[in-house]
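Here is a friendly walk through one protein model, meant for someone who has not met it before. Have a look at the picture, then read on.

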Amino acid sequence: MKLYDTKSRAVRELTPLIPNHVGIYLCGATVQGSPHIGHLRSALVFDILIRWLRRAGTEVTYIRNITDIDDKILNKSAQAGAQWWAWAARFEREFAAAYQALGIEPPTFEPRATAHIPDQIALVERLIERGHAYDDGAGNVYFDVHSLPDYGSLTHQALADMRTTEDEAQIDAVVEAGKRDPRDFALWKARKDGEPETASWNSPWGRGRPGWHLECSAMSRRYLGEAFDIHGGGIDLRFPHHENEQAQSRGAGWDFAQMWVHNAWVTVKGEKMSKSLGNSLVVSEVLKRTSAPVLRYVLGAAHYRSVVEYSDDTLAQAEASWERLTSFVERAAKSAPEVGEADREALARVPLPEAFTVAMDDDLNVPGALAAVFAEVKGGNAAIDAGDKTGVAVHGVAVRAMLDVLGLDPVTWGAGTDGAGVAGGTDSTREALDKLVQLNLVQRQGARANKDWGRADQIRDDLLACGITVEDGAGDSTWHL
């Protein structure tokens with residue numbers, strides 16, 4: 001498999017440090033507010049990558065952190081009159097619900113910054129001992145960017161061209177005051193007057209808390225070792241966050257990430273999704289208007305290095321594609337029951353079309369992979385029309401196996417195929433629903449036989465208003481939710 005490495009600016013072969021095992025660290029949520037769809041893209045991209053690696057028989061250790069202490073959390077919780085830890089826990093749960101709603105499988109482990117304070121203090125001490133960090137005598141500790149000759153190598157920037165290496169939103173006069181150079185960045189921040197006592201920890205430099213970048217260096221080492229295969233995140237994290245992570249870890253003497261994989265933004269009307277722009281689309285609200293698999297399709301169908309423009313048009317395109325996939329799987333399962341009966345273990349043993357595997361191995365080319373899926377759908381529909389049940393089974397199971405890798409298997413999502421046109425619920429509810437719909441279809445068939453097209457269309461439209469789609473085939477009609 002080949003992936004685009006941001007640092008080398010080239011597509012490189014993924015060569016795991018440990019044969020048949022890939023260690024991945026992904027920067028997760030800063031739980032300061034509700035997750036919007038832009039937050040979900042990194043998790044979804046890496047969900048697809050990890051599904052593909054595991055489908056190929058590779059063991060994956062996947063760490064996705066939670067930043068549950070930082071300036072933004074403290075400021076927003078104070079404005080709301082809430083305890084900072086309760087504020088963080090509330091939105092951590094919202095993120096977990098959003099991940100689950102979109103079918104994003106959980107990481108191997110999801111460490112919190114507040115649970116790894118000793119690891120972070122130990123890293124700061126190591127950096128001081130190695131001459132890469134200094135304290136200001138007032139409880140703050142800084143990384144000396146001049147101490148690392150290749151600082152800026154991740155983002156290909158010269159130190160002389162930089163004004164600061166801090167996140168602009170987290171710069172304050174108190175922290176800046178102790179720096180020898182304004183381009184140094186904070187490793188440990190002294191507790192300020194007015195901040196909650198509970199938001200600080202004892203350290204060799206006094207009560208304080210870690211800087212934003214420190215946690216990821218400490219936690220990646222704890223769970224993946226001093227060197228691991230892939231570090232990922234949104235492209236906006238490259239600087240300063242990932243640049244500073246790399247500096248800390250290299251300063252500590254660790255090899256750190258061998259490859260950097262970054263996904264592009266989600267935009268609305270050409271603007272990056274962010275709370276500051278006021279165009280955030282909170283996941284829980286979007287899912288009131290859009291089904292979860294359609295939203296997953298929107299966020300995952302484009303190449304991960306391409307911007308996703310979220311709009312009514314992209315939603316409509318995704319809905320049409322999802323409809324085409326679910327309709328095919330349902331039709332195929334009715335013709336060849338084994339299509340709907342295969343579980344995930346069985347799907348994992350199905351040979352995949354070469355076009356799909358080539359696309360997925362080529363820098364996770366999901367658009368190319370989906371082209372292979374729809375080619376199989378076309379072949380499967382031809383087999384259905386020809387009454388070739390063997391061909392239907394081959395194409396149908398292959399489609400489901402590929403979609404499982406993409407997290408879009410209709411049966412898993414409850415969109416397909418028990419003969420009644422709906423999965424989920426009890427057997428009795430499915431049977432009752434099928435009988436009710438069939439009564440309408442019989443009446444519609446009678447209207448069509450009498451050339452009462454207005455009545456036939458009305459029955460179809462009434463069913464559609466209830467969320468039931470009717471499709472007319474050769475000799476009969478089928479339905480699905």
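## A small open sheet

Let's start with three strands that sit side by side. They make an open sheet in the order 12-11-13, and the pairing in it is mixed. Strand 12 (271-272) and strand 13 (308-309) are the edge strands: each has a single partner, so one side of each has no neighbour in the sheet. Keep in mind that everything here comes from a predicted model.

Strand 11, which covers residues 266-268, runs parallel to strand 13, and the two are paired over two bridges. To find the spot on screen, look for Val266, which stands opposite Val308 in strand 13.

## A strand, a helix and another strand

Next up is a β-α-β unit. Strand 9, helix 7 and strand 10 build it, and it is right-handed. Its two strands, strand 9 (residues 227-234) and strand 10, pair in the parallel sense, with seven bridges between them. Phe228 is a handy marker here, as it stands opposite Ala257 in strand 10.

How many of the eight residues of strand 10 are buried? Seven are, so strand 10 (residues 256-263) is largely enclosed by the rest of the structure. As a rule, side chains in a regular strand alternate between the two faces of the sheet.

## A helix tucked away

Helix 9 (residues 292-300) goes one further in its own count: nine of its nine residues are buried, so the rest of the structure largely encloses it. The buried residues include Pro293, Leu295, Tyr297 and Leu299. Arg296 is also among them, and this arginine comes back below as part of a salt-bridge network.

## The largest pocket

Now for some open space. The largest pocket holds about 1100 Å³. Its lining is made up of 43 residues, and those nearest the centre are His39, Lys72, Asp236, Leu237 and Lys272. Two or more lining residues come from each of helix 1 (37-55), helix 2 (71-80), helix 3 (84-101) and helix 7 (238-251). Helix 7 also belongs to the β-α-β unit described above.

Which helix gives the most to this lining? That would be helix 1, with five residues. As for chemistry, the lining splits into 16 nonpolar, 17 polar and ten charged residues.

## Salt bridges, pair by pair

There are 31 salt bridges in the structure, and a few are worth a visit. Begin with Glu94 and Arg90, whose side chains meet at 3.9 Å, N to O. Both residues are in helix 3, four residues apart, which is about one turn of the helix. In general, an α-helix has 3.6 residues a turn, so residues three or four places apart point the same way. Glu94 has a relative accessibility of 25%, so it counts as partly exposed. Arg90, at 40%, counts as partly exposed too.

Another pair is Arg209 with Glu195, where the closest N and O atoms are 3.2 Å apart. This one links distant parts of the chain, 14 residues apart: Arg209 is in strand 8 (residues 208-210), while Glu195 sits in the loop between strand 7 (185-190) and strand 8. Are these partners buried or exposed? Arg209 is buried, at a relative accessible area of 3%, and Glu195 is buried at 14%.

## A longer reach, and a network

Arg448 and Asp472 also meet in a salt bridge, at 3.2 Å from N to O. Since Arg448 is in helix 16 (residues 427-449) and Asp472 is in strand 14 (residues 469-472), this pair ties together parts that are 24 residues apart in sequence. Arg448 is partly exposed, with a relative accessible area of 28%, and Asp472 is partly exposed at 39%.

Some salt bridges share partners. In this way Asp47, Arg51, Glu105, Arg296, Arg344 and Asp404 are joined into one network.

## One last stop on the outside

Finally, look for Ala115 in the loop between helix 3 and helix 4 (117-129). Is Ala115 buried or exposed? Its relative accessible area is 52%, so Ala115 counts as exposed. Ala115 and Met219 are 104 residues apart in sequence, yet their C-alpha atoms are 9.8 Å apart in space.

Note on methods: Residues numbered from 1 in each chain as written. Predicted model: local features only at pLDDT ≥ 70, side-chain atom pairs only at ≥ 80, totals over all residues. Heavy atoms only, no water. 1 Å grid on protein atoms, 1.4 Å probe; cavity = no way out; pocket = protein on both sides within 12 Å on 5 of 7 lines; lining within 4 Å. Points joined across faces, edges and corners; volume = space filled by probe spheres on them. Nonpolar A, V, L, I, M, F, W, Y, C, P; charged D, E, K, R; others polar. Pairing = 2+ DSSP bridges. Salt bridge = Lys/Arg side-chain N within 4 Å of Asp/Glu carboxyl O. Buried < 20%, exposed > 50% of the residue type's maximum accessible area, 1.4 Å probe, protein only. Right-handed = clockwise from strand over helix to strand, strands pointing away.
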